Amino acid sequence: MTAPIRFPRFFVTSPAPCAYLPGRSERKVFTELKGPHAEQLNEALGRIGFRRSQTVAYRPSCLDCQACISVRVSATDFAASNSQRRNLKRNGDLIATECRPWATNEQFDLLRQYLSTRHPDGGMAAMDEMDFADMVEHTPVSSVMIEYREPTATGQPGRLVGVCLTDRQSDGLSMIYSFYDADHGARSGLGDYIILDHVRRSAAEGLSYVYLGYWVEGSPRMQYKVRYRPLEKLTRDGWVRIGKEEHQRLIANATKPGNPVPNPTGKDGKQPRLEDF
């Protein structure tokens, strides 16, 4: 006879300034992922909008705001835009390798370079090697580090230019954190390519979705997520596919002049201050 699954205990963080919408505060509800049923719990919570950070699953629980919306790409029906097809062709020579979730010095050096270029004043700027190792290695679920390397002259994996910490779920891949060489002049769109590669991987493996975390309308740094079609959002009635007209409007807003370059980033690796992928 198997032991019953205990209902998890949930906790709420204290209000803090919102990282995405100026003038607002944020609050999160979270629970610990531990024990023999951690993977099943993480997946069940993921279906209702939770995200994982190390051994914690969390989701927004703000008192006066519901701007954070969980989104996922339908990998089986994905339709690449012209620019996404060009990106796939431009970076298609990269060699992607799934590695166990074990932090390396090479990965950390790339992370430091990425943060200094894209987020010099962000919450992760002070992350050291131990913090990085905790983010990568403290996982109670099926996780991998996918490395993206340029080929050498002989076709072997060479210089590391991108990394993504990814959770495997029964219905798709959940992108926890990605970083890349943001100064690589010959390879624009590396962050987008990592997402496109995850969509391609999911479809090839018969998985339906790629989970992108939270999208916040009105937050410029989050607008890159609406560029992937079809896209589903989590509502009170469950997961709903965004209609073509609404999606076109969102993409038009995301591509207005003045919006920042798409910047797929991750959450703050330190608990309990948690941010989105």
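The following paragraphs lead through a sheet, a helix pair and an aromatic cluster in this predicted model.

The sheet is open and consists of four strands in the order β1-β4-β6-β5, with antiparallel pairing. Strands β1 (11-12) and β5 (51-53) form its edges, each pairing on one side only. Within the sheet, strand β4 (residues 28-32) and strand β6 (residues 56-60) run antiparallel and are joined by five bridges. Glu32 has Val56 of β6 standing opposite.

Attention now turns to the helices. Two packed helices are described by the angle between their axes and the distance between the axes. For helix α2 (residues 82-90) and helix α5 (residues 190-204), the axes come within 10 Å and cross at roughly 90°. Angles of 65 to 115 degrees count as roughly perpendicular, and α2 and α5 are therefore roughly perpendicular to each other. On the α2 side, Gln84, Asn87 and Leu88 take part in the contact, meeting Asp192, Tyr193, Leu196 and Arg200 of α5. By class, this contact of α2 with α5 comprises three nonpolar, two polar and two charged residues.

Aromatic side chains provide a further set of contacts, with 10 aromatic pairs in the structure. One of them joins Phe108 and Phe132, whose ring centres are 5.9 Å apart and whose planes lie at 45°, so the pair is tilted. Because Phe108 belongs to helix α3 (residues 105-118) and Phe132 to helix α4 (residues 129-137), the pair ties together parts that are 24 residues apart in sequence. Residues under 20% relative accessible area are classed as buried; Phe108, at 8% relative accessibility, therefore counts as buried, and Phe132 counts as buried at 1%. Phe108 and Phe132 also belong to one aromatic cluster with Tyr177 and Phe179.

Technical notes:
Residues are numbered from 1 along each chain as its sequence is written. This is a predicted model: local features need pLDDT of at least 70, side-chain atom pairs count only at pLDDT 80 or more; totals for chains, interfaces and linings use all residues. Side-chain values use heavy atoms; hydrogens and water are left out. Axes are lines fitted to C-alpha atoms, for helices over the stretch in contact, and angles run from 0 to 180 degrees between N-to-C directions. Helices (H or I, at least four residues) and strands (E, at least two) are DSSP runs, numbered from the N terminus. Angles under 35 degrees count as roughly parallel, over 145 as roughly antiparallel, 65 to 115 as roughly perpendicular and the rest as oblique. Contact means heavy atoms within 4.5 Å. Ala, Val, Leu, Ile, Met, Phe, Trp, Tyr, Cys and Pro count as nonpolar, Asp, Glu, Lys and Arg as charged, and the others, Gly among them, as polar. Two strands pair if DSSP finds at least two bridges between them. Rings of Phe, Tyr and Trp (its six-membered ring) pair if their centres lie within 6.5 Å; planes under 30 degrees apart count as stacked, over 60 as edge-to-face and the rest as tilted. Buried means under 20% relative accessible area, exposed over 50%, partly exposed in between (1.4 Å probe, protein chains only).
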